[in-house]
Amino acid sequence: MQLYRALISREEVQAAETDELIDRIYDGSVDKLFAALLGRKKLSSEQIERLKQLVDVLE
């Protein structure tokens, strides 16, 4: 019987894929990605507040 396991975690793959997407589609600009996502759907006040809190944590 052979056992296989991943050499890197799911989170590492997701991070690498996200970075590649941002680089390829948005020329490496996270703010362009963010603006594109926000422009596609109306957000509730609660969603806007959660986003503000996320940005505050990054500052």
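User: How much accessible surface does the protein have, and what share of it belongs to carbon and sulfur atoms?
Analyst: The structure is a predicted model. Its accessible surface comes to about 5,900 Å². The share that belongs to carbon and sulfur atoms is 56%.

User: What percentage of the residues is buried?
Analyst: A residue counts as buried under 20% relative accessible area. The protein has 59 residues. Of these, the buried ones make up 5%.

User: What is the radius of gyration of the protein, set against a compact globule of 59 residues?
Analyst: A compact globule of 59 residues would come out near 10 Å. The C-alpha atoms here fill a box of roughly 55 × 25 × 25 Å along the principal axes. The radius of gyration of the protein is 16 Å.

User: Which elements does the protein have, and in what order do they run?
Analyst: There are zero strands. The helices number three. Read from the N terminus, the order is α-α-α.

User: What is the distance between the end C-alpha atoms of helix 1, and why does it agree with the expected span?
Analyst: Helix 1 covers residues 10-26, which is 17 residues. At 1.5 Å a residue, helix 1 should span 24 Å. The end C-alpha atoms agree with that, because their distance is 23 Å.

User: Which element has the lowest mean pLDDT?
Analyst: Across the protein, pLDDT averages 89, and 100% of the residues score at least 70. Among the elements, helix 1 has the highest mean, 94. The lowest mean is 85, and it belongs to helix 2.

User: What phi does Asp27 take just after helix 1?
Analyst: Asp27 is in the loop between helix 1 and helix 2. Most residues other than glycine have a negative phi. Asp27 is not glycine, yet its phi is positive. The value is about 55 degrees.

User: Is Asp27 buried or exposed?
Analyst: The cut-off for exposed is over 50% relative accessible area. Asp27 has 63%, so Asp27 is exposed.

User: How far is Arg5 from Ser44 in space?
Analyst: Arg5 lies in the segment before helix 1. With a relative accessible area of 74%, Arg5 is exposed. Arg5 and Ser44 are 39 residues apart along the chain. Their C-alpha atoms are separated by 41 Å.

User: How does Lys32 count by relative accessibility?
Analyst: Lys32 lies in helix 2. Partly exposed is the class between 20% and 50%. Lys32 has 46%, so Lys32 counts as partly exposed.

User: What is the C-alpha to C-alpha distance between Lys32 and Ile8?
Analyst: In sequence, Lys32 and Ile8 are 24 residues apart. In space, C-alpha to C-alpha, the distance is 29 Å.

User: How far apart are the C-alpha atoms of Leu58 and Val13?
Analyst: Leu58 is found in helix 3, residues 45-58. Leu58 is exposed, at 74% relative accessible area. Along the chain, Leu58 and Val13 are 45 residues apart. Their C-alpha atoms are separated by 22 Å.

User: How far apart are the centres of the positive and negative side chains?
Analyst: The positive side chains number 9. The negative ones number 12. The centres of the two sets lie apart by 8 Å.

Technical notes. Residues numbered from 1 in each chain as written. Predicted model: local features only at pLDDT ≥ 70, side-chain atom pairs only at ≥ 80, totals over all residues. Heavy atoms only, no water. Helix = DSSP H or I, 4+ residues; strand = E, 2+ residues; numbered from the N terminus. Rg over C-alpha atoms; globule rule 2.2 N^0.38 Å. Buried < 20%, exposed > 50% of the residue type's maximum accessible area, 1.4 Å probe, protein only. Areas by Shrake-Rupley, 256 points an atom, 1.4 Å probe, with all protein chains shown as cover. Lys, Arg positive; Asp, Glu negative; His and termini not counted. Charge placed at Lys NZ, Arg CZ, Asp CG, Glu CD. Expected span 1.5 Å × (residues − 1). pLDDT = per-residue confidence, 0-100.
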